[in-house]
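Subject: Structure for your review

Hello,

Here is the structure I said I would pass on. Please open it alongside the notes underneath.

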Amino acid sequence: MTTSMKTSSAPRAASAADRRRRRRETWAAYGFLSPWVIGFLVFTAGPMIASLVLSFTDYDGIGTTHNVGTANYRQLFDDPSVAKALLNTLVFTALRVPLQMALALVLAMLLMKAGRASGIFRTIFYLPVMTPPVAVGILFLLLFNGNVGLVNEVLGWMGVTGPSWTTDTHWVKPGLVLTSLWSVGSTVIIYFAALRNVPRELYEAAELDGVGRWNRFRHVTVPQISGTLFFTLIVNTIASLQTFTEAYTAFFGSANSQTYSNDAALFYVVYLFQQAFQYLHMGYASALAWLLFLVIVAITVVQTKVSKRFVHYEGEER
């Protein structure tokens, strides 16, 4: 009788110890997660909810706030600057994202040929990413000045007359796109890591079958890194739709607002910033922010739906 009681009490004691251990581990996990959760609630979810509430008011940060219902959202459709800014942003994104991805992939493939020197070149490619965006905006004015800029001077050496990048409305966005390639290094590093994970056996098998370089790229490289390509497509698209600092520094700073053509560089977030902090239309700016959020969500959903036909994941059955 005594032996059976001791035997039955031992599992109960072990079970209680396991429960205490699991409880401690659970609280430890909550402790490690709490900084991110608190940061998300305070700096992301909280401001988003606040901006949604403010988008239905005439809040200006100074006077009394009144509820205006959906007036701010109705104004979005009557404001011609909203359509202009949104179109400028979409055109900039359509130009920048494919060009940045293509250039990054070319540079990453060149890194694959660099051997031991790839570490040095990775550092060289990534260093420009550390450049402050304000400095990039100033760099744009220096390089793309229509009269004394380095870009037009180089084009002149080849007998090409360069355009007025900073004043011609047709060339403002292409100039900003070319300037944005200054920070292509982060995408290069991502592609380089993806290319290194492509099994060498696939290339060897394709080469033995007499497949040329272009077809190896199309049928081996691209499918194997398609997940990474899709990831950078999403990230770069969202970043491009939120472009602000470079365009604002170059065209809307106090020293530049009367010098250069502004309309072609009026990106959506620039206009949002003007409404919020120059004209103190905080409620209207909040509505602008939510419209941009919905546009980003819609574009991301479309990209995700389309990607199912082109993105290949290892082990996935098709």
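The notes below go through the cores, one helix pair and two single residues.

Please keep in mind that this is a predicted model.

Nonpolar cores

The largest nonpolar core has 35 residues, and the members that touch the most others are Leu176, Phe251 and Leu288. Six helices each give at least two residues to this core: H3 (80-112), H5 (133-143), H7 (169-180), H12 (245-251), H13 (268-278) and H14 (282-307). H14 provides the largest share, with 7 residues. As background, nonpolar side chains in soluble globular proteins tend to be buried together.

Leu288 is a useful place to start looking. Beyond its neighbours within four places in sequence, Leu288 is in contact with Leu76, Val82, Tyr268, Tyr271, Leu272 and Gln275. Apart from the largest core there is another one, made of 20 residues, including Tyr191, Ala206, Phe217 and Val220.

H3 against H8

H3 also packs on helix H8 (residues 185-196), where the two axes are 8 Å apart and the angle is about 50°. At that angle H3 counts as oblique to H8, because the value falls outside the ranges for roughly parallel (under 35 degrees), roughly perpendicular (65 to 115) and roughly antiparallel (over 145). The crossing of H3 past H8 is right-handed.

On the H3 side, the contact is made by Gln100, Met101, Ala104, Leu105, Leu107, Ala108, Met109, Leu111 and Met112. On the H8 side, the residues are Thr187, Val188, Tyr191, Phe192, Leu195 and Arg196. By type, the residues of this contact are 12 nonpolar, 2 polar and 1 charged. Tyr191 of H8 thus appears twice in these notes, in this contact and in the 20-residue core.

Two single residues

Is Gln274 buried or exposed? This residue of helix H13 counts as buried, because its relative accessibility is 9% and the cut-off for buried is under 20%. Leaving out residues up to four places away in sequence, Gln274 touches Phe252, Leu266 and Tyr279.

Thr169 lies in helix H7. With a relative accessible area of 40%, Thr169 is partly exposed, because that value lies between the 20% limit for buried and the 50% limit for exposed. From Thr169 to His66 the distance is 39 Å, C-alpha to C-alpha, and the two are 103 residues apart in sequence.

Regards

Methods. Residues are numbered from 1 along each chain as its sequence is written. This is a predicted model: local features need pLDDT of at least 70, side-chain atom pairs count only at pLDDT 80 or more; totals for chains, interfaces and linings use all residues. Side-chain values use heavy atoms; hydrogens and water are left out. A nonpolar core is a set of buried Ala, Val, Leu, Ile, Met, Phe, Trp, Tyr and Cys residues joined through side-chain atoms within 4.5 Å. Buried means under 20% relative accessible area, exposed over 50%, partly exposed in between (1.4 Å probe, protein chains only). Helices (H or I, at least four residues) and strands (E, at least two) are DSSP runs, numbered from the N terminus. Contact means heavy atoms within 4.5 Å. Axes are lines fitted to C-alpha atoms, for helices over the stretch in contact, and angles run from 0 to 180 degrees between N-to-C directions. A crossing is left-handed if the near helix is turned anticlockwise from the far one by less than a right angle, and right-handed if clockwise. Ala, Val, Leu, Ile, Met, Phe, Trp, Tyr, Cys and Pro count as nonpolar, Asp, Glu, Lys and Arg as charged, and the others, Gly among them, as polar.
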